[in-house]
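Me: I'm new to this one. Please show it to me, and then I'll ask some questions.

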Amino acid sequence: MNSDISIVALSLQIALVATAVALPLGMFFAWLLVRKQFRGKFILDVLVSLPLALPPVVIGYTLLWLVGTNGWIGRLSESISGSTLAFTWIAASLAAAIVSLPLVVRSFAAALAGVDPRLEIAARGLGAGSVRTFLTVTLPLAYRGVIAGVLLGFVRALSEFGATIVVAGNIPGRTQTVPTAIFTRISAGDTDAAWRLALASVVLGVIALAIHNWLLKRTSATGANGSARANR
Amino acid sequence: MTILFVGVIACCSGKSEDGVPLIFAAASLSDVLTESADIYERDTGKRVDFSFGGSITLANQVANLGAPADGVLFAGGEPGQLIIKAGLMLGGNAQRVITNSVVVIGGRDFPVIRSLADLALSNERIAVADPQLAPAGTYAMLALEAAGLAETISDQLIFTGDVRAALAAVESGNTKYGIVYMTDALTSNRVEILFEIQDLSVDYFITGITEAHNSRAAQTFLNYVLIESATREVFKSAGFEVRRAGTGPGDPGG
């Protein structure tokens, strides 16, 4: 049987890559939605929230058509490496990234909304470019949203099942994650093995939440939100 | 972002070419194939990866969804047809080398029954593989239809994703009865074989997949399993009927 350690390791790999993709993308979309006005903004808002409203299997199936033999991503992959992305860990990461995106966007948007835009305007007025303003003024004031977004996105990516199983299958050693492995073990009647992995899931969740709390506590009071007093 | 993405694809999807063949196989073959792969690895030093499940589910993944299988072993004709229609069958197909039969099993505290009619009369839940996903279910339904019982018994049927999940349902006591392969029933001491469905034998469709990254390695493994006495013995002791491998998968007829 596929060892528990290797299943957990693969799940972590997939979730980390998914979060690495969802984080910058999510922050960018959040910034657009909070700071910018443009035509079609409503559509962006809907698109970015859609994965929350769709059954994950639908997300998986749609992604499957994109990364399989009929989709442009699949054909691109085939021209580079000879095979499509369907049934690979990369497809699993993409699926996980899509389902975590709304969580990253919402967390960061909430934090961003609490940053006084006049501080950003002041920075720009003093000569800072938009990227520098974002990195040195906005981000430090909205860091709580980044932390929440990363952790929420990560644990969501780690627990994705429906989209993963449709677009990446459940191939032991290649695309079998903790949730899909638990499902296989339940189906096969391997109750002990299923509980072991379920316990691993709990441990991973607890660790993620502990890190989340630790990161938030590491606030220096002076780094607090610029438009309101930081209070505990 | 696009450059990063393309870079990740380029570096990491090539992993499938590390020479280890990926074999998609019926759930009913999981034990015997895993054991055969151990024997193969001890003998040749080469590894094999598996994905087990309902044969129709897997065949659909390979034929229509682009799953990267290098070789397959599926129960019955329907999954085989999917592979053939997709033009993916490499060389020949090892026909009628491995055969299975279908049995009705009982779990805990079950009233003994001797026929499908008894099964229908018992009004108890019966675990069966989903006929849309696994041939074990398709054949079970065929047998029920032949006995004219498909309508009356339909409320009692609990469909599972593959035949091993049906076995597990009976073992756990969640259903009193089940219809599975003989070989699945033999793996468990928590179920009892009540009777065999007559005149129903299920042949496994065994072949390499064309245009797969490791189809040669897959064929080597499949030929090994069907020809070597050690692995044939593994199948025989599990309850499969094993005939002479006249044509191995990929052999031009030798």
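Reply: One term to start: two strands pair if DSSP finds at least two bridges between them. Strands (E, at least two residues) and helices (H or I, at least four) are DSSP runs, numbered from the N terminus. This is a predicted model, where local features need pLDDT of at least 70 and side-chain atom pairs count only at pLDDT 80 or more, while totals for chains, interfaces and linings use all residues. Residues are numbered from 1 along each chain as its sequence is written, and chains are lettered from A and ligands numbered from 1 in the order written.

Me: OK, what is the bridge partner of B:A127 in β8(B)?

Reply: B:G178. Strand β6 (residues 126–129) and strand β8 (residues 177–181) of chain B pair in the parallel sense, over three bridges.

Me: And which residue partners B:A127 in β7(B)?

Reply: B:I158. Four bridges join β6(B) to β7(B), residues 157–160, and these strands also run parallel.

Me: Which way do the β6(B) residues point?

Reply: B:I126 and B:V128 point one way, B:A127 and B:A129 the other. All are buried, meaning 20 or more other C-beta atoms (placed from the backbone) lie within 10 Å of their own.

Me: How many residues of helix α8 of chain B are buried?

Reply: Nine of the nine, residues 163–171, so α8(B) is largely enclosed by the rest of the structure. Among them are B:R164 and B:E171. After α8(B) comes B:G173, with a positive phi near 90 degrees.

Me: What about strand β2 of chain B?

Reply: Four of its five residues (49–53) are buried, so β2(B) is largely enclosed too. Five bridges join it to β1(B), residues 22–26, and the two run parallel. B:A25 stands opposite B:F52.

Me: Switching chains. How do α8(A) and α11(A) cross?

Reply: At roughly 175 degrees, with the axes coming within 10 Å. Axes are lines fitted to C-alpha atoms over the stretch in contact, with angles from 0 to 180 degrees between N-to-C directions. That makes α8(A) roughly antiparallel to α11(A) (over 145 degrees).

Me: Which residues meet there?

Reply: A:I147, A:L151 and A:F154 of α8(A) are among them, and A:A208 and A:I211 are among those in α11(A). Contact means C-beta atoms, placed from the backbone, within 7 Å. The residues divide into 10 nonpolar, two polar and one charged. Nonpolar covers Ala, Val, Leu, Ile, Met, Phe, Trp, Tyr, Cys and Pro; charged covers Asp, Glu, Lys and Arg; the others, Gly among them, are polar.

Me: How many residues does each chain give to the contact of A with B?

Reply: 21 from chain A and 24 from chain B. Helix α4 of chain A (residues 72–81) gives the most to chain A's side, with three residues.

Terms used
Angles under 35 degrees count as roughly parallel, over 145 as roughly antiparallel, 65 to 115 as roughly perpendicular and the rest as oblique. Two residues are in contact if their C-beta atoms, placed from the backbone, lie within 7 Å. A residue is buried if 20 or more other C-beta atoms lie within 10 Å of its own, exposed if 12 or fewer, and partly exposed in between; C-beta atoms are placed from the backbone.
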